[in-house]
Amino acid sequence: MQGGTARVSLYSLVRPLAFVLDAERAHRATIATLKLAPRRRPPDFPPSLRSTVAGLDFPSPVGLAAGFDKDAEVPEQMLGLGFGFVEVGTITPKPQSGNAKPRLFRLADDGAVINRMGFNNQGQPSAFQRLLDCTHVHGIIGVNIGANKDSEDRIADYVEGVRAMSPVARYLTINISSPNTPGLRQLQDEGTLRALLSAVEGARDPKGPPIFLKVAPDLGEGEPDQIVRVAIQHGIDAIIVSNTTVSRPQLKSKWRDEAGGLSGAPLKPLALKALREFRSASGGEIPLIGVGGIATADDAWERIRAGASLVQLYSAMVYQGPAIARRIAAGLAERVSREGFGNIAEAVGTE
Ligand SMILES: Cc1cc2nc3c(=O)[nH]c(=O)nc-3n(C[C@H](O)[C@H](O)[C@H](O)COP(=O)(O)O)c2cc1C
């Protein structure tokens with residue numbers, strides 16, 4: 001767990017250069033640089049951070065959220081930088097270019113990001129090939145799947161994703177919560193969700209990877225209860241709470257009125273509230289993964305105490321650099337022992 005400080009200062013030198021570029025160019029440059037970087041072995045995490053969730057052994061509960069590595073170009077590098085697991089995607093059956101640019105905005109004054117990328121990705125066959133090269137990797141690489149924008153049968157796209165990507169995924173995430181594919185979030189409605197999850201259940205190989213469901217923070221009264229019920233009935237293994245929000249809390253930045261999903265600091269209270277609703281709806285019967293505005297060990301600890309077995313982040317890495325994963329892991333290990341828990345799993349849902 002050493003070396004975080006050196007990397008933080010390196011990132012503080014790189015950040016002003018990256019921030020001169022528009023956000024999407026900076027992101028492409030980051031991926032290109034990471035592709036050239038030597039692949040490093042993941043760090044040794046403190047044993048108190050290990051936990052088993054949905055049958056998978058996680059060395060640290062701090063994961064990289066979907067959307068950073070959409071095409072599975074650098075999952076091994078991100079594990080080497082200290083993420084306990086990495087979720088690639090969203091990947092759709094066919095390649096698609098996504099929405100018109102600009103479509104990604106840094107709201108630095110708010111510690112936030114707005115994106116309306118629209119599932120730009122190279123499609124499942126090309127990600128499959130890259131992930132085949134990662135099958136020797138020890139770390140956990142999850143694959144987030146979605147539906148093509150022009151698809152006439154969205155449920156069939158998820159079924160295709162489950163069949164195509166299961167062989168190369170340690171877990172799959174059914175993403176029905178992106179706000180940037182028109183109508184996608186309607187898959188969260190009870191009847192449609194039931195049809196989707198029953199099709200997924202029929203398509204999955206019983207020996208295949210666990211399947212997670214990723215939900216929005218913008219749900220109405222009673223919706224978490226419905227989603228939990230349907231998810232458990234159809235064998236979903238964990239729920240990821242949450243994706244970006246279409247709501248606009250008070251923001252300062254000039255990009256605040258851009259359309260798309262808002263993530264980062266302003267999402268934190270909404271994602272935490274949603275997590276608490278899912279915890280109270282499920283009573284711990286299905287594991288939860290907390291995402292949205294996590295930027296510090298305190299944020300991650302709060303999410304774990306509220307019922308998350310694991311956490312993920314993306315936006316805070318834009319502002320703090322990749323050393324954030326190791327920093328939060330070290331802070332969590334410190335809190336586990338300070339508060340008298342034997343390991344991180346014992347702290348889940350204890351608030
Ligand atoms: C630029 C960007 C692209 C994203 N793309 C995806 C995506 O393709 N699929 C997905 O499930 N979530 C996507 N997300 C949402 C994140 O995975 C995460 O749920 C959300 O950003 C909240 O976490 P954060 O506040 O730590 O960023 C994206 C987020 C950002 C900022």
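C134 sits in the loop between α4 (124–132) and β7 (140–145); helices here are DSSP runs of H or I with at least four residues, strands are runs of E with at least two, and both are numbered from the N terminus. The model is predicted, so local features need pLDDT of at least 70 and side-chain atom pairs count only at pLDDT 80 or more, while totals for chains, interfaces and linings use all residues. Residues are numbered from 1 along each chain as its sequence is written, and side-chain values use heavy atoms, with hydrogens and water left out.

Is C134 buried or exposed? C134 counts as buried because its relative accessibility is 10%, where buried means under 20% relative accessible area, exposed means over 50%, and partly exposed lies in between (1.4 Å probe, protein chains only). Leaving aside neighbours within four places in sequence, C134 is in contact with P75 and I141, contact meaning heavy atoms within 4.5 Å. C134 and E76 are 58 residues apart in sequence, yet their C-alpha atoms lie 7.3 Å apart in space.

**Backbone features**

Two cis peptide bonds and two positive phi angles outside glycine are gathered here.

| Site | Feature | Angle | Place |
|---|---|---|---|
| G89 and T90 | cis peptide bond | omega about 10° | T90 in strand β4 (85–91) |
| K101 and P102 | cis peptide bond | omega about -5° | P102 in the loop between β4 and β5 (104–107) |
| A54 | positive phi | about 50° | loop between β1 (51–53) and β2 |
| A72 | positive phi | about 55° | loop between β3 (62–64) and α3 |

The two alanines can also be looked at by their cover. A54 is partly exposed, with a relative accessible area of 27%, whereas A72 is buried at 2%.

**Helix α7**

Helix α7 covers residues 223–233, and its buried residues are E223, P224, I227, V228, V230 and A231. What do these buried residues pack against? Their partners are α6 (190–203), β9 (211–215), β10 (238–241) and α8 (268–282). After α7 comes G235, with a positive phi near 75°.

**The second largest pocket**

Rolling a probe the size of a water molecule over the atoms shows where empty space is left. A pocket is an open set of points on a 1 Å grid over the protein atoms alone, where a 1.4 Å probe fits and protein lies on both sides within 12 Å along at least five of seven lines; lining residues have an atom within 4 Å of a point. The second largest pocket holds about 440 Å³ of space, the volume being the space filled by probe spheres set on the points, which are joined across faces, edges and corners.

Its lining has 20 residues, and P42, P43, P59, H138 and G139 lie nearest the centre. Both β2 (56–58) and α3 (75–80) supply at least two residues of that lining. By class, the lining divides into 9 nonpolar, 4 polar and 7 charged residues; Ala, Val, Leu, Ile, Met, Phe, Trp, Tyr, Cys and Pro count as nonpolar, Asp, Glu, Lys and Arg as charged, and the others, Gly among them, as polar.

**The whole protein**

Stepping back, the protein has 12 helices and 13 strands. Its C-alpha atoms fill a box of roughly 50 × 50 × 45 Å along the principal axes. Of the 351 residues, 56% are buried. Among contacts with a separation of 6 or more, 73% join residues 24 or more positions apart.
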